[in-house]
Amino acid sequence: MASHVGVVGDEENVYSGNRIQPFASTPVLEETSVGGKKQKGSSTVRSILGLEEFFSLTIWRASVAEVIGTAVLVFALDTIVISTIQTETKMPNLILSCLAAIIIAILLIATYPISGGHINPIVTFAAFLTGLIPVSRTIIYILAQCVGGILGALALKAVVNSSIESTFSLAGCTLTVVAPGKDGPTVIGVGIAQALWLETICGFVFLFASVLMAFDHRQVKALGRVTVCVIVGIVLGLLVFVSTTVTATKGYAGAGLNPARCLGPAIVRGGHLWTGHWVFWVGPAFSCLTFAVYTRLIPSQLLHTIE
């Protein structure tokens, strides 16, 4: 999730005594005067690109929270996926969804004051498309999240035995798997089109039902950061349950809803995790673009994400 200038500007960081400055803030358009005329063009381009942030130690330090947050997310979620399936519980989807909601909410609360609590390329890209962060921070954050995803998968690989790693593929994002059949090995799972639709629809619902709330400083102020983080976690948990239940197909891991989480196991484990991996990036990208169009259609007096 992303914070917004003015959301927590009056609150003090209990860890350092300094005022919290959310990094996922709306770029401010600066005006320059040339020959007595105000020029907005160059300042607008600078604010969109935000090239100075590539050299900002503060932004890079904030990105460390994205690395650690995403790494913990991947390690925790993938461990939960493996354990719920391995223990053969009667309702693994429900248990997985509830635990995922709790983990996500906790990590958002932990990273929110430092980096804005993205830990997901979907949130970062949506924040960029809605004008909340510049290109530079978008690149830095997504890079940090991908590194975190890889570190989380490496950590999981280090603590599980080779049998579990092979059987569950580090709980990576899959569309299909090869399973034994009557006439030999059979590919089971879902098709590319179905998976792409699920990824796009679930991604948009995630942005519409929870992230938009985090982008709106009015709601964050009214509900409080912790409440908003919990709501985001609950929405993601529900989407995990829906995407894994609506297909009810073995071999399909459900909507990824976090490309960095899918990338980590794919790089560390490889193999069939790369099959259709692009779906877990293209689907969310479509979701973000659709979400950005939706925010443009809302009357300006009703939309308070960009002032």
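**Exercise 1. Work out whether Asp216 is buried or exposed, then do the same kind of check on its salt-bridge partner.**

*Solution.* Start with the number: Asp216 has 5% relative accessibility, so it counts as buried. (Keep in mind that this is a predicted model.) Next, find the partner: Asp216 pairs up with Arg218 in a salt bridge, and their closest N and O atoms are 2.5 Å apart. Now check Arg218: its relative accessible area is 37%, so this one is partly exposed.

**Exercise 2. Find out which parts of the chain the salt bridge between Glu53 and Arg137 links.**

*Solution.* First, look at the contact itself: the two side chains, Glu53 and Arg137, come together at 2.4 Å, N to O. Then place each end: Glu53 sits in the loop between α1 and α2, while Arg137 belongs to helix α5. The two are 84 residues apart, so the pair links distant parts of the chain. Finally, look at burial. The cut-off for buried is under 20% relative accessible area. Glu53, at 10%, is therefore buried, and Arg137, at 6%, is buried too.

**Exercise 3. Trace the salt-bridge network that includes Lys157.**

*Solution.* Begin with one pair: Lys157 bridges to Glu165, with 2.7 Å between the closest N and O atoms. Then widen the view: Arg269 joins Lys157 and Glu165 in a network of salt bridges. As for cover, Lys157 is partly exposed at 33% relative accessibility, whereas Glu165 is buried at 9%. For the whole model, the count of salt bridges is five.

**Exercise 4. Locate the nonpolar patch on the surface and say which element gives the most to it.**

*Solution.* Pick out some members: the patch includes Val45, Phe54, Trp60 and Leu143, and its residues together have about 1100 Å² of accessible area. Now sort by element: α1 (41-49) and α5 (135-159) are the ones that give two or more residues. Of these, α5 gives the most, with five residues. Don't forget the loop: Leu51 lies between α1 and α2 (57-86). With a relative accessible area of 47%, Leu51 is partly exposed.

**Exercise 5. Describe the largest pocket: how much space lies in it, and what lines it?**

*Solution.* Take the volume first: about 1100 Å³. Then the walls: 45 residues line the pocket, and Val81, Ile85, Gly172, Tyr252 and Ala253 lie nearest its centre. Sorted by class, the lining has 26 nonpolar, 16 polar and three charged residues. Last, the elements: those supplying at least two lining residues each include α2, α3 (92-115), α6 (162-168), β3 (176-181) and α9 (225-247).

Notes
Residues numbered from 1 in each chain as written. Predicted model: local features only at pLDDT ≥ 70, side-chain atom pairs only at ≥ 80, totals over all residues. Heavy atoms only, no water. Patch = residues over 30% accessible without salt bridge, like charges linked within 9 Å, V, L, I, M, F, W, Y side chains within 5 Å. Areas by Shrake-Rupley, 256 points an atom, 1.4 Å probe, with all protein chains shown as cover. Salt bridge = Lys/Arg side-chain N within 4 Å of Asp/Glu carboxyl O. Helix = DSSP H or I, 4+ residues; strand = E, 2+ residues; numbered from the N terminus. Buried < 20%, exposed > 50% of the residue type's maximum accessible area, 1.4 Å probe, protein only. 1 Å grid on protein atoms, 1.4 Å probe; cavity = no way out; pocket = protein on both sides within 12 Å on 5 of 7 lines; lining within 4 Å. Points joined across faces, edges and corners; volume = space filled by probe spheres on them. Nonpolar A, V, L, I, M, F, W, Y, C, P; charged D, E, K, R; others polar.
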